[in-house]
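Student: Could you take me closely through the cysteine link in this model, and then work outward from there to the surroundings? I would like one connected account rather than a list.

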Amino acid sequence: MTDPRPRHLLLAASAFAVLMTAACGGTTIDDAQEEEASGPTGTADPDAEIPEGLRIDFLPKQLNNPYSDIVNEGGAVAVEELAGEFTERGGTEPTADSQVEYINAASQAGSDVIVIAANDPDAVCPSLDQARDNGAAIVGYDSNASCTDIFVNQSSDELIGRTLVEMISEQIGGEGTFAVLSATPNATNQNSWIAAMEEVLAEEEYADLELVDTVYGNDDDLQSFQEMQGLMQSHPDLDGVVSPTTVGIAAAARYVSDSEYKGEVAITGLGTPNQMREFVEDGTVDSFALWNPEELGYLAGYAGASLSAGRITGAEGETFEAGDLGEYTVGADGEIVLGPPTVFDADNIDDFDF
């Protein structure tokens with residue numbers, strides 16, 4: 001299998017190290033600027049020019065998260081191609097309170113576009129609404145808030161939920177018990193995927209699969225490791241664990257790889273190839289899935305610029321060009337879908353580097 005991503009979007013290890021360094025410096029709150037930004041207009045003009053110098057702020061759930069770093073590197077590439085100004089803002093804890101501080105900072109600095117992976121669907125909205133009033137276009141990505149202008153989704157909830165169920169079913173022989181190790185209790189994307197999984201599990205084909213527990217590691221490596229340990233203590237006969245979070249799946253795999261459960265308990269979910277390669281190679285993990293996170297950030301950057309410039313307004317059916325990714329169409333409720341997730345296993349994992 002060949003890697004379909006644009007060549008310039010591939011991350012080498014050195015580039016990732018640079019990104020991590022840059023991310024650490026992204027917590028500075030800029031001084032307010034006096035210029036007013038222009039937000040999206042009510043009528044789309046597909047031929048509107050995207051002006052140079054757009055100030056585009058990316059607010060991940062937290063900084064120094066390997067997944068978020070890769071996503072935002074894609075956003076930085078897009079902003080550079082658009083001759084804009086890229087800023088990454090955020091704290092090290094995945095909380096809504098932390099995000100509110102940086103939303104306000106972006107707004108005060110005159111941001112034209114705020115691209116946010118929300119830690120809570122509603123708690124961040126008063127600040128986002130104020131930022132919109134100040135002229136910012138509001139783009140959700142990865143985990144949406146209820147007040148964004150558009151949402152750039154990794155994939156559809158149904159596709160992700162079905163992929164997760166299909167993987168765990170295949171790995172435990174179509175019957176047995178499994179648990180979910182999620183991120184935070186209020187993470188909108190995690191909860192949507194779990195709900196989609198439950199809908200798929202209601203189908204007759206999966207009548208012999210039982211979801212027995214859901215726990216939360218709060219996207220913290222140590223806490224996720226401890227939650228995985230607790231799952232096995234609470235359910236010693238558990239057949240598998242699905243972790244729809246990159247931090248959680250790596251922690252779960254690390255726990256199982258050094259335990260009596262290796263080869264007995266299936267671990268799957270959403271992770272990056274570079275993060276999970278060692279666990280695939282040592283037999284701890286058979287397969288897992290993910291979209292290309294760098295392309296997610298890249299698409300969000302172009303969508304935000306198109307929204308700010310008035311090429312799109314978020315209405316269903318509008319189209320725009322997203323650089324090397326080509327044309328995208330806005331769906332219902334302002335959703336833009338990157339594409340279906342890719343399943344990684346021993347046969348194709350070395351074809352990917354992110």
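**The cysteine link and its surroundings**

Tutor: In this predicted model, the count of disulfides comes to 1. The bond joins C125 to C147, with the two sulfur atoms 2.2 Å apart, and the torsion of -100° about the S-S bond makes the link left-handed. The two cysteines belong to distant parts of the chain, 22 residues apart: C125 sits in helix α4, which covers residues 125-133, while C147 sits in the loop between β4 and β5, the latter being residues 150-153. As a general matter, a disulfide is a covalent bond between the sulfur atoms of two cysteines. Both ends are enclosed: C125 has a relative accessible area of 7%, so it is buried, and C147 also counts as buried, because its relative accessibility is 12% and the cut-off for that class is under 20%.

The loop that carries C147 lies between β4 and β5, and β4 is a natural next step. In β4, 5 of the 5 residues are buried, which means that the strand is largely enclosed by the rest of the structure. The cover applies to both faces, since A137, V139 and Y141 on one side and I138 and G140 on the other are all buried. Strand β3, made of residues 113-116, pairs with β4 in the parallel sense over 4 bridges, and within that pairing V139 of β4 is the bridge partner of V115.

Y141 of β4 brings in the aromatic contacts. The aromatic pairs in the model number 11. One of them is F58 with Y141, whose ring centres are 5.8 Å apart and whose planes stand at 65°, so the pair is edge-to-face. F58 belongs to strand β1 (residues 55-59) and Y141 to strand β4 (residues 137-141), and the pair therefore ties together parts that are 83 residues apart in sequence. F58 and Y141 are both buried. For comparison, the rings of F344 and F354 have centres 6.2 Å apart and planes at 70°, so that pair is edge-to-face as well. There, F344 lies in strand β14 (residues 342-345) and F354 in the segment after β14, so the parts that the pair ties together are 10 residues apart in sequence. F344 and F354 are each buried, and together with F288 and F352 these two residues form one aromatic cluster.

Y141 also leads to the empty space inside the model. In general, rolling a probe the size of a water molecule over the atoms shows where empty space is left. Over the whole structure, a search finds 2 cavities of 30 Å³ or more. The second largest has a volume of about 40 Å³, and the residues that line this cavity are P60, K61, Y67, S68, A117, Y141 and D142; by class, the lining holds 4 nonpolar, 1 polar and 2 charged residues. Y141, the ring partner of F58, is thus one of the lining residues of this second largest cavity.

The largest cavity has a volume of about 140 Å³. Its lining comprises 16 residues, and those nearest its centre are Y67, D142, Q190, D219 and T245. Y67 and D142 are therefore named for both spaces, as they also line the second largest cavity. The lining of the largest cavity divides into 6 nonpolar, 7 polar and 3 charged residues. Helices α2 (66-81) and α6 (188-201) each supply at least two residues of that lining, with α6 giving the most, namely 3 residues.

A few loop positions complete the picture. N218 is found in the loop between β7 (209-216) and α7 (221-234), and this residue has a phi near 55°, a positive value in a residue other than glycine; its relative accessible area of 26% makes N218 partly exposed. D333, in the loop between β12 (327-329) and β13 (335-337), likewise has a positive phi, of about 60°, although it is not a glycine, but D333 is exposed, with a relative accessible area of 80%. Those values are worth noting because most residues other than glycine have a negative phi. Finally, P94 has its place in the loop between β2 (85-88) and α3 (96-108) and is buried, at 13% relative accessible area; the C-alpha atoms of P94 and T184 are 8.2 Å apart in space, although the two residues are 90 residues apart in sequence.

Terms used
Residues are numbered from 1 along each chain as its sequence is written. This is a predicted model: local features need pLDDT of at least 70, side-chain atom pairs count only at pLDDT 80 or more; totals for chains, interfaces and linings use all residues. Side-chain values use heavy atoms; hydrogens and water are left out. On a 1 Å grid over the protein atoms alone, a cavity is a set of points where a 1.4 Å probe fits but cannot get out, and a pocket is an open set with protein on both sides within 12 Å along at least five of seven lines; lining residues have an atom within 4 Å of a point. Grid points are joined across faces, edges and corners, and a volume is the space filled by probe spheres set on the points. Ala, Val, Leu, Ile, Met, Phe, Trp, Tyr, Cys and Pro count as nonpolar, Asp, Glu, Lys and Arg as charged, and the others, Gly among them, as polar. Rings of Phe, Tyr and Trp (its six-membered ring) pair if their centres lie within 6.5 Å; planes under 30 degrees apart count as stacked, over 60 as edge-to-face and the rest as tilted. Buried means under 20% relative accessible area, exposed over 50%, partly exposed in between (1.4 Å probe, protein chains only). A disulfide is a pair of cysteine sulfur atoms within 2.5 Å. Two strands pair if DSSP finds at least two bridges between them.
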